[in-house]
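Read the following with the structure open beside the text. The paragraphs go from single residues to the places where chains touch.

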There are 4 protein chains.
Amino acid sequence: MTVEAAADETKETGRGEAFSDSVFAIAVTLLILEIRAPTQHDIGSDGELWHALRDLWPAYLAYIISFATILVTWINHHAIMRLVGRTDHTFLLLNGLLLALITAVNFPTSLVAEYIGHAGQGDRVAVQVYTATFVLLAFAFNFLWWYAASGNRLLSASATPAQVRAIGRRYRFGPLFYVAAFLLAFISPLASFGLCLLLALFFALPFDNRAEARR
Amino acid sequence: MTVEAAADETKETGRGEAFSDSVFAIAVTLLILEIRAPTQHDIGSDGELWHALRDLWPAYLAYIISFATILVTWINHHAIMRLVGRTDHTFLLLNGLLLALITAVNFPTSLVAEYIGHAGQGDRVAVQVYTATFVLLAFAFNFLWWYAASGNRLLSASATPAQVRAIGRRYRFGPLFYVAAFLLAFISPLASFGLCLLLALFFALPFDNRAEARR
Amino acid sequence: MTVEAAADETKETGRGEAFSDSVFAIAVTLLILEIRAPTQHDIGSDGELWHALRDLWPAYLAYIISFATILVTWINHHAIMRLVGRTDHTFLLLNGLLLALITAVNFPTSLVAEYIGHAGQGDRVAVQVYTATFVLLAFAFNFLWWYAASGNRLLSASATPAQVRAIGRRYRFGPLFYVAAFLLAFISPLASFGLCLLLALFFALPFDNRAEARR
Amino acid sequence: MTVEAAADETKETGRGEAFSDSVFAIAVTLLILEIRAPTQHDIGSDGELWHALRDLWPAYLAYIISFATILVTWINHHAIMRLVGRTDHTFLLLNGLLLALITAVNFPTSLVAEYIGHAGQGDRVAVQVYTATFVLLAFAFNFLWWYAASGNRLLSASATPAQVRAIGRRYRFGPLFYVAAFLLAFISPLASFGLCLLLALFFALPFDNRAEARR
């Protein structure tokens with residue numbers, strides 16, 4: 001690939017990446033608004049504020065899980081965009097669908113923050129909606145990559161087959177894990193919520209990278 | 001056009017595009033804040049949370065329509081900025097007007113999310129305000145393009161007449177469709193809301209691109 | 001100036017500009033959250049929603065004034081950053097002060113949206129706080145420019161004395177106008193609010209540019 | 001370092017910086033939402049609005065402290081990223097941890113805004129949580145730098161040992177100061193809050209820069 005062609009590709013995909021990055025960054029930052037400070041109205045003394053803050057643990061966990069999941073999706077988006085050299089209208093739309101789901105994570109996050117930890121009062125439904133959002137997110141991500149990669153449709157001339165295969169291998173099982181979390185929510189909402197935390201940490205840790213390097 | 005002139009043009013329009021992209025990205029992401037999680041206070045059991053979530057359908061639809069409309073406007077903004085090589089103060093202002101309307105979509109979105117689905121209780125007014133915002137948005141977009149393109153005022157030296165004509169043709173009918181949706185709101189708010197959804201999908205789908213390629 | 005030196009300058013100021021642009025973009029977009037949709041709880045019929053929306057006129061005007069003022073400040077920031085070739089810690093701090101004030105506009109905007117149009121119930125104080133914010137903003141902007149320009153401290157080698165003088169001339173009177181609006185608020189809050197609208201439109205319109213071109 | 005290698009490094013770290021900048025910018029701008037305008041419902045006259053606005057002083061101070069602290073962290077992040085030439089998965093994660101904490105500052109800011117100035121009613125806990133967040137932030141920042149710098153792991157080829165040592169020296173004591181503020185909160189929440197303000201101003205003022213230049 002000539003230097004000129006590479007520059008054209010960078011310009012071509014640059015604005016889409018910048019827009020995507022902004023949406024990821026805003027979605028991840030807005031999550032904090034779902035942890036609402038207990039008001040003085042509800043609280044009397046120092047001890048009671050500690051209690052009120054302690055009772056917000058589902059909100060903190062939901063914040064951590066959603067933040068990590070969006071961050072990992074961003075890192076992965078970053079990884080595939082390094083191999084994508086061109087965009088077309090369909091790619092922009094599929095990317096838009098992914099961004100809509102990234103943004104939408106905010107809503108089920110506030111649901112689990114509100115309903116987890118109160119057995120029989122909506123926690124099952126809240127976790128089902130939460131995990132269903134991650135299932136959709138994982139499918140949308142894989143679909144975006146499949147669209148770009150299948151038949152080398154939008155890949156950069158500098159992307160090697162080995163890189164392309166490695167990406168495919170890494171993301172193939174994401175949807176399955178989240179489907180498992182979704183199904184687990186029918187049995188135990190709390191266990192499903194815990195699995196989401198484990199998955200976020202598992203995908204965040206550079207474990208798989210090292211494994212790949214060893215191959 | 002020399003490489004140097006092209007680089008100058010890129011620098012000239014670059015910061016305006018980055019600012020616009022940020023506003024589009026934030027406006028589209030803030031929409032999710034309009035879908036508010038039902039509080040525990042209102043809900044007793046899992047079944048009731050399902051009902052409460054089901055009753056939020058106008059909020060979900062409004063989110064989808066507004067997200068798609070802003071995303072499509074961003075893609076179109078992207079398309080015209082590739083043909084625009086210079087900016088002037090008036091262009092920045094017209095662009096600012098477009099951005100103000102993009103941001104303002106948030107407010108009528110929360111109106112329709114609140115009032116749709118409750119006949120005779122404000123849904124007519126809510127949809128009128130919603131569609132009127134899209135009418136203004138479509139006019140502002142066409143006006144921005146007309147200002148840049150008329151007499152080649154701000155077009156890049158590399159923009160071909162065929163590209164310019166294709167853009168003009170594609171956006172000319174946008175305002176008409178939204179005026180139709182606005183008028184329909186007087187007869188049936190729900191039908192008008194549905195038309196907005198169809199228009200968002202119609203403009204999002206790459207249908208017109210393919211049609212143009214075939215000519 | 002060599003091409004290399006120009007590239008260094010661009011890199012040097014680039015990240016500060018991008019950060020500033022993001023803050024401007026977010027501040028301008030968050031303004032819409034201050035216009036809150038009337039809830040179904042307060043409203044009975046279509047007619048009443050019209051009334052409720054009509055009574056929000058101070059919120060719409062405050063949105064327009066604040067949006068236009070922040071947008072114009074951004075355009076002006078853009079104009080001076082084209083002449084600034086280097087940054088130092090003090091410049092970044094003064095820029096941070098400007099950004100803090102840009103962000104802070106959100107709060108007095110919600111004050112005037114809440115209190116304008118209800119004589120004797122806080123509108124005087126609300127407009128005083130609103131105009132005082134614009135006074136501080138105008139001073140911070142002039143101070144930032146003065147710091148960069150005095151003794152050519154941080155100007156780009158490519159900035160001509162004529163450009164530098166033109167910028168100084170254009171912004172010198174901004175603080176005076178807003179001090180006048182602040183003082184007017186003691187006599188008539190509504191007139192002061194109207195003056196803010198006129199000033200936003202006056203600074204937005206490309207009137208002064210044309211005047212300068214004719215000289 | 002060749003021009004090509006420098007360009008590769010810039011591309012490599014560019015998207016991560018842009019994402020970080022966006023999160024910093026959004027986090028700093030969202031802070032303003034924690035200062036809520038007193039409603040007409042609570043206020044009768046102009047004088048009462050003055051009183052209500054005066055009583056919001058903890059919210060203004062918390063806004064200033066948090067804004068300055070995030071801004072200074074951004075400036076410092078900017079400084080270390082100029083010396084970092086490559087990123088890896090672990091660096092992106094540590095950076096993500098820093099960004100999560102930057103975003104999270106919003107929550108304790110709303111806590112101190114709500115509880116400071118009402119002795120014995122939660123202000124101790126609020127300031128403890130506030131200062132603990134800054135302790136974590138300072139440690140995360142130092143850890144990020146340590147990871148990049150130790151053994152020259154990710155430093156740019158153009159980073160000189162003197163620059164690297166200067167950075168290390170500058171940030172080493174940040175965590176200690178915030179641990180002191182945290183401990184002070186057990187004795188006097190108000191004094192600890194004041195120390196946070198002093199620290200924000202101390203780190204913001206270009207004092208240490210000048211000191212270093214003199215060495």
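In this predicted model, B:Thr131 sits in helix 6 of chain B, which covers residues 123-149. Is B:Thr131 buried or exposed? Its relative accessible area is 0%, and because a residue counts as buried under 20%, B:Thr131 is buried. The side chain of B:Thr131 reaches the backbone oxygen of B:Gln128, at 3.2 Å. Which residues does B:Thr131 contact, leaving aside its neighbours within four places in sequence? They are B:Ala181, B:Phe182, B:Ala185, B:Ser192 and B:Cys196.

Another residue of chain B to look at is B:Leu195. It is placed in helix 9 of chain B, residues 189-204. B:Leu195 has a relative accessible area of 24%. Partly exposed is the class between 20% and 50%, so B:Leu195 is partly exposed. Not counting residues up to four places away in sequence, B:Leu195 touches B:Ala180, B:Ala181 and B:Leu184. B:Ala181 is thus a contact of B:Leu195 and also one of the contacts of B:Thr131. For a sense of distance, take B:Leu195 and B:Gly151, which are 44 residues apart along the chain. Their C-alpha atoms are separated by 35 Å.

Next come the charged side chains. How many salt bridges are there over all chains? The count comes to five. One of them joins B:Asp55 and B:Arg54, with the closest N and O atoms 3.4 Å apart. In chain C, C:Arg54 forms a salt bridge with C:Asp55, and the closest N and O atoms are again 3.4 Å apart. In chain D, the side chains of D:Arg54 and D:Asp55 meet in a salt bridge at 3.4 Å, N to O. Where do these arginines stand on accessibility? Exposed means over 50%, so B:Arg54 counts as exposed at 51% relative accessibility. C:Arg54 is exposed, with a relative accessible area of 51%, and D:Arg54 counts as exposed at 51%. The partner D:Asp55 is exposed too, at 51% relative accessibility.

The chains also touch one another. Between chain A and chain D, 41 residues of chain A are in contact with 37 residues of chain D. The two chains bury about 3200 Å² between them, with 68% of that on carbon and sulfur atoms. The number of salt bridges between chain A and chain D is zero, but three residue pairs are in polar contact across this interface. Which elements of chain A give two or more residues to the side that touches chain D? They are helix 1 (3-30), helix 2 (46-54), helix 3 (57-81) and helix 9 (189-204) of chain A. Helix 1 of chain A gives the most, with 10 residues. By class, this side of chain A has 26 nonpolar, 10 polar and five charged residues.

Chain D meets chain C as well. Here 41 residues of chain D are in contact with 37 residues of chain C. About 3200 Å² is buried between chain D and chain C, 68% of it on carbon and sulfur atoms. Zero salt bridges are counted between them, and three residue pairs are in polar contact. The side of chain D that touches chain C takes two or more residues from each of helix 1 (3-30), helix 2 (46-54), helix 3 (57-81) and helix 9 (189-204) of chain D. Helix 1 of chain D contributes the most, 10 residues. The residues on this side of chain D divide into 26 nonpolar, 10 polar and five charged.

Methods
Residues numbered from 1 in each chain as written. Chains lettered and ligands numbered in written order. Predicted model: local features only at pLDDT ≥ 70, side-chain atom pairs only at ≥ 80, totals over all residues. Heavy atoms only, no water. Helix = DSSP H or I, 4+ residues; strand = E, 2+ residues; numbered from the N terminus. Buried < 20%, exposed > 50% of the residue type's maximum accessible area, 1.4 Å probe, protein only. Contact = heavy atoms within 4.5 Å. Buried area = accessible area lost by both parts, 1.4 Å probe. Salt bridge = Lys/Arg side-chain N within 4 Å of Asp/Glu carboxyl O. Polar contact = N/O pair within 3.5 Å; in protein donor to acceptor, adjacent residues only side chain to side chain. Nonpolar A, V, L, I, M, F, W, Y, C, P; charged D, E, K, R; others polar.
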